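Open the structure in your viewer and keep the selection tool at hand. This tour tells you what to pick next and what you will find there.

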Amino acid sequence: MWVPVLLFVSALIGLAAGQGCVSKRFGSDRIVCVCNDTYCDSVPKLPKLDRYGASIITSSLSGKRFHVQQRMFQPRSKKSSSWSSSAVRILVDARSFFQNILGFGGAFSDAAGLNLAALSHRAAHKLLEAYFSPENGIGYTFGRVPMASTDFGTREYSYADTSGDLELKSFALQPEDLDYKIPFIKTAQLIANGNLKLFASPWSAPGWMKTNGRMIGGAALRGPLDGPYYSTWASYFVKFFEQYAANGILYWGLTMQNEPTSGINPDYTWQTMYFNASMQRHFLVNHLGPRLKGSPLTRGLKVLILDDDRPQLPAWADEVFADAKAREYADGIGVHWYMDAFAPASLLTETALRHPDKFILATEACSGFLGVHGPILGDWSRAENYAADIIDDLNNFVSGWVDWNLVLDTTGGPTFVANNADAPILRNGTRGSDEFYKQPTYYALGHFSAWVPVGSTRIKSQLLDRDPALKLVAFSFKSKRVAVVLNRGDSEKTVEIHDPLMPERVLTMKIEGHSISTIVWNKA
């Protein structure tokens, strides 16, 4: 049998209740966790905490994956009112609170569906459980669904490819929706106990509606902003939601256009379409907003503007929300991570403070788009990059974080335009294999999504002793406090967590080098 043999030859990582990681190494420090149709590691169940107890969940370069240990908030030394001088002091203060958390998730791309379909039914179900189960998985509550084709699939297609069909009489969902999206979305909804918020994102209108005649390549819609092509494009959205509803799937929201600024490039190598902020505002106010509000099915959908990289903020939001009708029709702002190195996270805070009635949601990220193009099996540095970005976003008023492809194969595809990338779960594409690998990025995401539930509130967290290797963010949820600490340094750190609502006690713990730790404790 596969499991006993692999357990014999592999290290079983994880000591808490639940199934541990069956590890596979690619070099000395590159580790994936192997799953198949009969076995997959699960998220550990935390023990009931004593009044001053804390659970510490750790994943690390050394190989820990959701490793759980218990500690206690101990009485502070009566000999001194200060903390240990050798420890990095961390303050977590629930008296200062900020945005509520909407959740975490990933995308049901064509590529994800094709890889799920290539697995056996049982293996595919285990993969979806790993993401969406609130009991055994990391508890995803968001699913992004592309409207028609993207770079991650096998072909270029729309839902209305009949040229000149401004009435959209030919509009129809495609085999990719019916075979590779809808069945797996329905399974995920069941696994998530119905707690799955779906939002749709278009990459491009049908080619005949664009000035370049193709979905691929940057171009705008044909004609004036008040012309028939923009009106038809708004109707296209409503028809999409109607046909998904006819197949038993209802949506939470939508983004207006994936990466609209990429559409300025006529030589862009996959599907895109151009809008600037002024054009997006006009389309929202005069076409899309009224069309969505005019249908009982779509009038309650959450509408997100931008859906593009951080350097566009806050100017893009300022431009769109300068119009009162736009503020009425739109609910939030979508941001991608690809240009985060060139724009400080403080732009997110600036945007949130300028538009306090609008939420910000991180709507796309992936590794392997620069440098080594595609997956690096077991690479820990990419997990640290994910954790660092999530912490920066959440500390700057972002309300949730949604990854790109749920699953790719070990080449980083399929992608018909050779835009191979990494994903938190990779299917072993070897002929006859029914395995999939959990990358370190899966565990990085899980340190947030599994222990920071929807409805959590970010609270004040601060490193009182400067240490450039450490990042942290903290939350409150019902009777619990949660802190996530990233150590990007080589050395172990001793840290002391101080909760001002327990002023006579302190939690002392060690954070190993190159690790992510989630700490959970009861509020005083």
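The stops below go from the whole chain to single residues.

**The whole chain**

Remember that this is a predicted model. Start with everything shown as a cartoon. The chain holds 11 helices and 24 strands. Along its principal axes, the C-alpha trace spans about 80 × 55 × 40 Å. Does the radius of gyration of the chain agree or disagree with that of a compact globule? For 524 residues, such a globule would have a value near 24 Å, and the chain has 23 Å, so the two agree.

Now switch on the surface. The accessible surface comes to about 19400 Å². Carbon and sulfur atoms account for 52% of that surface. Of the 524 residues, 61% count as buried. Look at contacts with a separation of 6 or more: 73% of them join residues 24 or more positions apart.

**The barrel**

Select β8, β9, β10, β11, β12, β13, β14 and β15. These 8 strands make a closed barrel with parallel pairing. Neighbouring strands in this sheet are turned by 25° against each other on average, direction ignored.

Zoom in on one pair. Strand β9 covers residues 142–147, and strand β10 covers residues 197–202. The two are parallel and share 6 bridges. Which residue of β10 is the bridge partner of arginine 144? Pick phenylalanine 199; that is the partner.

**The cores**

Next, select Phe132, Trp233, Phe240, Tyr251 and Ile305. They have the most contacts inside the largest nonpolar core, which counts 135 residues. Add helix α5, residues 228–246. This helix gives the most to the core, with 9 residues.

Stay with tryptophan 233. Beyond its neighbours within four places in sequence, its contacts include Pro202, Pro206, Met209 and Leu221. Met273, Phe275 and Phe283 are also among them.

A second, separate core has 22 residues. Select Val88, Ile90, Val92 and Leu470 to see some of its members.

**Helix α2 and its cover**

Go to helix α2, residues 110–118. Its buried residues include Asp110, Ala111, Ala112, Gly113, Asn115 and Leu116. What covers them? Among the covering elements are strand β8 (103–107), helix α3 (121–132) and helix α4 (175–191). Strands β15 (398–405), β16 (408–409) and β17 (425–427) also contribute cover.

**Strand β24**

Move to the strand at residues 515–522, β24. How many of its 8 residues are buried? The count is 8 of 8. In a regular strand, side chains alternate between the two faces of the sheet. Colour Ser515, Ser517, Ile519 and Trp521, which point one way from β24. Give another colour to Ile516, Thr518, Val520 and Asn522, which point the other way.

Now add the pairing strands. Strand β4, residues 53–60, runs antiparallel to β24 and is joined to it by 7 bridges. Strand β21, residues 480–487, also pairs with β24 in the antiparallel sense, over 8 bridges. Click serine 517 in β24. Threonine 58 stands opposite it, and so does valine 485.

**Loops worth a click**

Just before β24, select histidine 514. It lies in the loop between β23 (505–511) and β24. Its phi is near 50°, a positive value in a residue other than glycine. Is histidine 514 buried or exposed? Its relative accessibility is 17%, so it counts as buried.

Asparagine 193 also has a positive phi, near 55°. Find asparagine 193 in the loop between α4 and β10.

Two cis peptide bonds come next. One runs from leucine 313 to proline 314, with omega near 0°. Proline 314 sits in the loop between β12 (302–309) and α7. Another runs from glycine 413 to proline 414, with omega near 5°. Proline 414 lies in the loop between β16 and β17.

End at alanine 322, in the loop between α7 (315–321) and α8 (324–329). Why does alanine 322 count as exposed? Its relative accessibility is 57%, and the cut-off for exposed is over 50%. Leaving aside neighbours within four places in sequence, alanine 322 is in contact with Arg281 and Arg327. Draw a distance from alanine 322 to arginine 281: they are 41 residues apart in sequence and 9.0 Å apart in space, C-alpha to C-alpha.

Conventions:
Residues are numbered from 1 along each chain as its sequence is written. This is a predicted model: local features need pLDDT of at least 70, side-chain atom pairs count only at pLDDT 80 or more; totals for chains, interfaces and linings use all residues. Side-chain values use heavy atoms; hydrogens and water are left out. Two strands pair if DSSP finds at least two bridges between them. Helices (H or I, at least four residues) and strands (E, at least two) are DSSP runs, numbered from the N terminus. Axes are lines fitted to C-alpha atoms, for helices over the stretch in contact, and angles run from 0 to 180 degrees between N-to-C directions. The radius of gyration is taken over C-alpha atoms; the globule rule is 2.2 Å times the number of residues to the power 0.38. Buried means under 20% relative accessible area, exposed over 50%, partly exposed in between (1.4 Å probe, protein chains only). Contact means heavy atoms within 4.5 Å. Accessible areas come from the Shrake-Rupley method with a 1.4 Å probe; for residues, only the protein chains shown count as cover. A nonpolar core is a set of buried Ala, Val, Leu, Ile, Met, Phe, Trp, Tyr and Cys residues joined through side-chain atoms within 4.5 Å.
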